[in-house]
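Please read the following account alongside the sequence and the model, moving from the whole chain to its core and then to a single helix.

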Amino acid sequence: MKYLCLKINSIINFVIGKSLAQLKYKKPIMLRVKVLTFNPVQENTYVLYNEERQCCIVDPGCYFENEKEELTKFIMEEGLQPTLLLNTHCHLDHVFGNKYVSEKWGLSLHFHEKEKPVFDFAPQSGEMWQMPFENYNGPIIYIKENTTVNVGKDELEILFTPGHSPGSISFYHKEGGFVIGGDVLFYGSVGRTDLPGSDAQTLVRSIQTQLFTLPNDTIVYSGHGPTTTIEFEKANNPFVKL
Ligand SMILES: [Zn+2]
């Protein structure tokens, strides 16, 4: 009897173990999202990380020392290894921490080629806004629309979403059902279009063709303010008609 019980137990364990392993295998690959809000402009910095503890940092806006420490603390406490540094666009509030992140974790900066003039102007813009900072000065890797970048095995599609800025891109993680959109689309609003290189019509077209074509339940993580969804913005955003 004892032998039989042991045998049944081991069969059950084997079956459960096997199905758990299958579940784990079949589980969709997903990135988790951490938001940290930094600098006087209250910019959202995003850390996207996977189960293997690899992560990418999008738009590090950390300006003050305590903000750089907060970002570092999160990464250390979660045991993450940053593998990718991305900018949706290069307005100053999104690039303050590029140099720090690059030097801390040995990363090269990635953004769209059309954003280079904005990137070059950022320190001057910092002087104008009384927020001087040292711009990133390492190698720049240009990323093209309709390609992908990876955080380990997890893929981010590059959507070209200009208008607020000439080379704005959004990072779409299909499996996770979210998009990191920078300053293109906000909860009930859209990005400013009164800045150099901005264009209102282009912005609306970007939202209509690149973002409103995503599944309705896609979560939008914006460069400022709370998250929203494509469905909510389609129904309520007063700046964009379908
Ligand atoms: Zn911006």
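**From the chain to one helix**

In this predicted model, the protein chain has seven helices and 14 strands. Of the 242 residues in the protein chain, 39% are buried, and residues 24 or more positions apart account for 63% of the contacts with a separation of 6 or more.

In soluble globular proteins, nonpolar side chains tend to be buried together. Here the largest nonpolar core has 50 residues, and those with the most contacts inside it are Leu48, Cys55, Cys56, Val58 and Val179. Cys55 may serve as a point of entry: leaving aside residues up to four places away in sequence, Cys55 touches Val47, Leu48 and Tyr49, as well as Ile75, Leu80, Gln81, Pro82, Thr83 and Val151.

The helix to follow next is α6, which comprises the twelve residues 200-211 and reaches 16 Å from its first C-alpha to its last, close to the 16 Å expected at 1.5 Å a residue. Within α6, the residues Leu203, Ser206, Ile207, Gln210 and Leu211 are buried. Seen down the axis of α6, these buried residues fall within an arc of 105°, so they line one face of the helix. An α-helix has 3.6 residues a turn, so residues three or four places apart point the same way. On the other side of α6, by contrast, Gln201 and Thr209 are exposed.

What do the buried residues of α6 pack against? Their partners are the strands β8 (154-160), β9 (169-173), β10 (178-182), β11 (185-186) and β12 (189-190), together with the helix α7 (230-236).

Methods
Residues are numbered from 1 along each chain as its sequence is written. This is a predicted model: local features need pLDDT of at least 70, side-chain atom pairs count only at pLDDT 80 or more; totals for chains, interfaces and linings use all residues. Helices (H or I, at least four residues) and strands (E, at least two) are DSSP runs, numbered from the N terminus. The expected span of a helix is 1.5 Å times one less than its number of residues. A residue is buried if 20 or more other C-beta atoms lie within 10 Å of its own, exposed if 12 or fewer, and partly exposed in between; C-beta atoms are placed from the backbone. The arc is that of the directions from the helix axis to the C-beta atoms. Two residues are in contact if their C-beta atoms, placed from the backbone, lie within 7 Å. A nonpolar core is a set of buried Ala, Val, Leu, Ile, Met, Phe, Trp, Tyr and Cys residues joined through C-beta atoms within 7 Å.
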